[in-house]
Amino acid sequence: MSRTLPDRLRQLDTDLDDLRVLPAATVRARGRRRAHRRLVGAVAAVAAAAGTTGAMMMLVRPEQPPVVTAGPSAPTCTLALPADPAQVRVRVIDGGAPAGPADVVAGLRDRRLTVLTGTPGKTTDATAMRYGPEAVGAANLLRAYLRGEVTMSFDARRAGETIDLTIGPDFTRLASPTEVNQALVAAGQPTAPPGCAPSPGK
């Protein structure tokens with residue numbers, strides 16, 4: 001005997017209530033497993049047709065890119081951002097900036113950085129920073145204070161915490177406090193340059 005439409009709707013409602021809603025993470029995991037099974041099946045079919053298992057090995061488990069690690073003689077880098085701008089020691093060098101570095105020196109000092117004046121350097125095409133292992137975190141903080149393009153030059157043999165900042169003719173201005181904060185968020189946590197071992201806990 002056929003059921004009426006209201007009976008069918010009630011039964012459908014009951015069936016829906018009995019369904020178990022899985023967490024989104026579980027659903028995504030199932031989807032990944034299903035996709036992996038399909039890939040393995042397809043690769044196995046290709047390998048069988050080609051008569052080799054080498055193709056299957058290469059497709060199922062692709063070769064990972066080599067990981068560059070610092071050797072035992074690599075310098076230890078300080079990656080932590082300084083808690084106080086005064087901990088950033090920067091030597092400002094005139095690299096051909098139209099107005100000279102005086103405004104930059106005054107601006108950085110207003111922002112509480114420790115600024116040393118350097119001798120005039122060669123005229124450069126771009127503003128550049130040169131720093132060593134002890135100043136990686138400080139260099140990342142200083143970079144946030146500078147608008148425009150800045151060439152970052154890490155020298156593993158350079159000793160000390162002082163950063164050389166050469167102000168080139170392309171320099172525009174220092175960043176506002178809001179721009180500094182935005183730049184720090186965008187840059188994220190500093191990473192060790194190639195060939196440099198991060199300092200433990202820093």
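I take a residue as partly exposed when its relative accessible area lies between the buried class, under 20%, and the exposed class, over 50%. With that I looked up Phe-154, and because its relative accessible area is 22%, I enter Phe-154 as partly exposed. I note here that the model is predicted.

Fold. I went through the secondary structure of the protein chain and found six helices and seven strands. Reading along the sequence, I wrote down the order as α-α-α-β-β-α-β-β-α-β-β-α-β.

Burial and surface. I checked how much of the chain is covered, and 28% of the 202 residues of the protein chain count as buried. For the surface I have about 13400 Å² exposed by the protein chain, with carbon and sulfur atoms supplying 56% of that area.

Contacts. I then looked at the contacts in the protein chain with a separation of 6 or more, and 78% of them are accounted for by residues 24 or more positions apart.

Aromatic rings. I searched the whole structure for aromatic pairs and found one. The ring centres of Tyr-131 and Phe-154 are 5.9 Å apart and the ring planes stand at 55 degrees, so I record the pair as tilted. The pair links distant parts of the chain, since Tyr-131 belongs to strand S4 (residues 128-131) and Phe-154 to strand S5 (residues 151-154), 23 residues apart.

Is Tyr-131 buried or exposed? I looked up its relative accessible area, which is 7%, so I enter Tyr-131 as buried, while Phe-154 stays in my notes as partly exposed.

Terms used:
Residues numbered from 1 in each chain as written. Predicted model: local features only at pLDDT ≥ 70, side-chain atom pairs only at ≥ 80, totals over all residues. Heavy atoms only, no water. Helix = DSSP H or I, 4+ residues; strand = E, 2+ residues; numbered from the N terminus. Buried < 20%, exposed > 50% of the residue type's maximum accessible area, 1.4 Å probe, protein only. Contact = heavy atoms within 4.5 Å. Areas by Shrake-Rupley, 256 points an atom, 1.4 Å probe, with all protein chains shown as cover. Phe/Tyr/Trp six-rings, centres within 6.5 Å; stacked < 30°, edge-to-face > 60°.
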